[in-house]
Structure formats: C-alpha cells, structure tokens
Amino acid sequence: MATMEMTAQDFEETITTNDIVVIDFWAPWCGPCRSFAPIFEKVSDNHTDIVFAKVNTEEEQELAGHFQIRSIPTLMIFREQVILFAEAGMLSEPQLEQVIAKVRELDMAKVHADIAAQPQQ
C-alpha cells in the first residue's frame, strides 16, 4: 500500500477505521525526513494491511501540536486506537520492520485491559 497524506480532517477516521496505522511526522526542509521517506515507502509496500500515513508538520501544525511533536522525523504507531510506539528519529528498514512485528505480536485484549485498569486522570 502506498503511503497517504494525513490531515487533521481525516486523522480520527483513519485511526478509528484501521487496525494498525503508522504515522511519519515530517517536514519538507528536514534532511533526515527526506532520507527516511524511501524506507517508510518501501516498508509500506511490505504491509498492505497497514495504513502508512505521512503528516507534513508545516501544513498540519495543529495535528503536530496535539501530539507535541518537537523533533522530526517522529514515528508514531497506533493499533486499535492506542499509541503503542512514538519515537523521534529515523529508523533503518530492519528496525522499522522489527517495530511493526512487535506491534503485531501484542495481545491487544491485555493492552486494553491494562488501560482500563489505570486510574482516570
């Protein structure tokens, strides 16, 4: 699956209607972001059941602000509407594949139970 451009308008629908969503927060002027882009695209081709989205932080400042993106590239992975991974910096192809494998392995029933058991803030 090719990557999609994500905006604040389609963010919620994308997260709620897809099991796993991998988001790359980037900017056109960012050298590491440009270096990471082909890796992100290649890995997206290996996982056609996952949504790979790119958020241009210059154009989507509200969305970047909501997630407190301070450094780019930042990679964020949602599964069943839960943020399971959020890290600044680019990953190599094997590293990104490893993170995706770990996200797939998680027992989401346990994750949701753990979240439900946490005291409300």
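Pro73 sits in the loop that links α3 (61-66) to β4. The model is predicted. In this loop, Ile72 and Pro73 are joined by a cis peptide bond, with omega about 0 degrees. Most peptide bonds are trans, and most residues other than glycine have a negative phi.

Gln68 is found in the loop between α3 and β4 as well. Gln68 is not a glycine, yet its phi is positive, about 55 degrees. Is Gln68 buried or exposed? Its relative accessibility is 56%, so Gln68 counts as exposed.

**The sheet**

Strands pair through backbone hydrogen bonds, in parallel or antiparallel fashion. Here 5 strands make up an open sheet. Their order is β1-β3-β2-β4-β5, and the pairing is mixed. Which strands lie at the edges? They are β1 (4-5) and β5, each of which pairs on one side only.

Strand β4 (residues 74-79) and strand β5 (residues 82-88) run antiparallel, joined by 6 bridges. Thr74 has Ala88 of β5 as its bridge partner. Leu75 is bridged to Glu87, again in β5.

The two strands form a hairpin, with 2 residues between β4 and β5. Glu80 belongs to the loop between these strands. Glu80 is not a glycine, but its phi is positive, about 50 degrees. How accessible is Glu80? At 32% relative accessibility, Glu80 counts as partly exposed. The cut-offs behind that label are 20% for buried and 50% for exposed.

Ala86 is a residue of edge strand β5. With a relative accessible area of 52%, Ala86 is exposed. Leaving out residues up to four places away in sequence, Ala86 touches Leu75 and Met76. Ala86 and Asp24 are 62 residues apart along the chain, and their C-alpha atoms are separated by 9.9 Å.

Strand β3 (residues 51-56) contains Asn56. Asn56 has 7% relative accessibility and therefore counts as buried. Which residues does Asn56 contact, beyond its neighbours within four places in sequence? They are Trp26, Ala27 and Pro28.

**Accessibility compared**

The table collects residues from strands, loops and a helix.

| Residue | Location | Relative accessibility | Class |
|---|---|---|---|
| Asn56 | β3 | 7% | buried |
| Glu80 | loop between β4 and β5 | 32% | partly exposed |
| Ala86 | β5 | 52% | exposed |
| Thr17 | α1 | 54% | exposed |
| Gln68 | loop between α3 and β4 | 56% | exposed |

Thr17 lies in helix α1 (residues 8-17). Its relative accessible area is 54%, so Thr17 is exposed. How far is Thr17 from Pro73? The two are 56 residues apart in sequence and 25 Å apart in space, C-alpha to C-alpha.

**Helices on the sheet**

Helix α2 lies across β2 (20-26), β3 and β4. The angle of α2 to β3 is about 160 degrees. Helix α5 (residues 108-117) lies across β4 and β5. To β5, α5 runs at about 90 degrees.

**Helix against helix**

Two packed helices are described by the angle between their axes and the distance between the axes. Helix α2 (residues 31-46) packs with helix α4 (residues 93-105) at an angle of about 45 degrees. Their axes are 10 Å apart. Why is the pair called oblique? Angles under 35 degrees count as roughly parallel, and the roughly perpendicular range is 65 to 115, so about 45 degrees is oblique. Helices α2 and α4 are therefore oblique to each other. The crossing of α2 past α4 is right-handed.

The α2 side of this contact is made by Phe36, Ile39, Phe40, Lys42, Val43 and Asn46. From α4 come Glu93, Leu96, Glu97 and Ile100. By type, the residues of the contact are 6 nonpolar, 1 polar and 3 charged.

Terms used
Residues numbered from 1 in each chain as written. Predicted model: local features only at pLDDT ≥ 70, side-chain atom pairs only at ≥ 80, totals over all residues. Heavy atoms only, no water. Pairing = 2+ DSSP bridges. Helix = DSSP H or I, 4+ residues; strand = E, 2+ residues; numbered from the N terminus. Buried < 20%, exposed > 50% of the residue type's maximum accessible area, 1.4 Å probe, protein only. Contact = heavy atoms within 4.5 Å. Axes fitted to C-alpha atoms, helices over the stretch in contact; angles between N-to-C directions. Parallel < 35°, antiparallel > 145°, perpendicular 65-115°, else oblique. Left-handed = near helix turned anticlockwise from the far one by under 90°. Nonpolar A, V, L, I, M, F, W, Y, C, P; charged D, E, K, R; others polar.
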